[in-house]
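Opening the notebook on a new chain today. I want the fold first, then the core, then the pockets.

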Amino acid sequence: METAGQESDIQPRATAGYKILRALIRAWFGVVFSKIRLLRAELLPDSGPAILLISHPANFRDALILVAAFDRQVHCLLIRDLMRGAWRGFLARNLGMIP
């Protein structure tokens, strides 16, 4: 039970399907790219909501990089056209991407 002045952790736990897909995406990035660095990660809170913005036109790969980069579940807002196709649609639905 929550008392006055206490914050509840509103960060939902990632599903098993999300964790499996994230592990596969991380493995794929490990093979395809030599290194992906997350800069200034210390500025993000350890729990609770956070908003991340990409300063260039987003693409599906950027969303996958964000999913792979964080241990907590990430929900990406993307243009619906970027989620077209069987494979992209499957990933988008199971990774909680928002059209």
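Fold. I read along the sequence and got the pattern α-α-α. My tally is 3 helices and 0 strands. Note to self: this is a predicted model.

Burial and surface. I looked up the burial for the 99 residues of the chain, and 27% count as buried. The chain exposes about 7,600 Å². I split that area by atom type, and carbon and sulfur atoms supply 58% of it.

Contacts along the chain. I took the contacts with a separation of 6 or more and asked what share comes from residues 24 or more positions apart. Those account for 58%.

Core. Next I pulled up the largest nonpolar core, which has 21 residues. Ile25, Phe60, Leu64, Leu78, Leu95 and Met97 have the most contacts inside it. Then I checked which helices feed this core: α1 (16–32), α2 (60–69) and α3 each supply at least two residues. The most comes from α2, with 6 residues. General reminder: in soluble globular proteins, nonpolar side chains tend to be buried together.

Met97. I picked this residue out of the core list for a closer look. Where does Met97 lie? I found Met97 in the segment after α3 (86–94). Is Met97 buried or exposed? Its relative accessibility is 8%, and the cut-off for buried is under 20%, so Met97 counts as buried.

Which residues does Met97 touch, not counting those up to four places away in sequence? I got Phe60, Ala63, Leu64, Cys76, Leu78, Met83 and Ala92. Phe60, Leu64 and Leu78 in that contact list had also turned up among the residues with the most contacts inside the core. I also looked up one C-alpha distance: Met97 and Val67 are separated by 9.8 Å, and they sit 30 residues apart along the chain.

Pockets. Last job was the empty space. The largest pocket comes out at a volume of about 660 Å³. I listed 27 lining residues, and the closest to the centre are Ala50, Ile51, Leu52, Val74 and His75. The lining of this largest pocket divides into 20 nonpolar, 3 polar and 4 charged residues.

The second largest pocket has a volume of about 420 Å³. I found 19 residues lining the second largest pocket, with Leu38, Leu53, Ile54, Ile65 and Leu66 nearest its centre. Its lining divides into 13 nonpolar, 2 polar and 4 charged residues.

Conventions. Residues are numbered from 1 along each chain as its sequence is written. This is a predicted model: local features need pLDDT of at least 70, side-chain atom pairs count only at pLDDT 80 or more; totals for chains, interfaces and linings use all residues. Side-chain values use heavy atoms; hydrogens and water are left out. Helices (H or I, at least four residues) and strands (E, at least two) are DSSP runs, numbered from the N terminus. Buried means under 20% relative accessible area, exposed over 50%, partly exposed in between (1.4 Å probe, protein chains only). A nonpolar core is a set of buried Ala, Val, Leu, Ile, Met, Phe, Trp, Tyr and Cys residues joined through side-chain atoms within 4.5 Å. Contact means heavy atoms within 4.5 Å. On a 1 Å grid over the protein atoms alone, a cavity is a set of points where a 1.4 Å probe fits but cannot get out, and a pocket is an open set with protein on both sides within 12 Å along at least five of seven lines; lining residues have an atom within 4 Å of a point. Grid points are joined across faces, edges and corners, and a volume is the space filled by probe spheres set on the points. Ala, Val, Leu, Ile, Met, Phe, Trp, Tyr, Cys and Pro count as nonpolar, Asp, Glu, Lys and Arg as charged, and the others, Gly among them, as polar. Accessible areas come from the Shrake-Rupley method with a 1.4 Å probe; for residues, only the protein chains shown count as cover.
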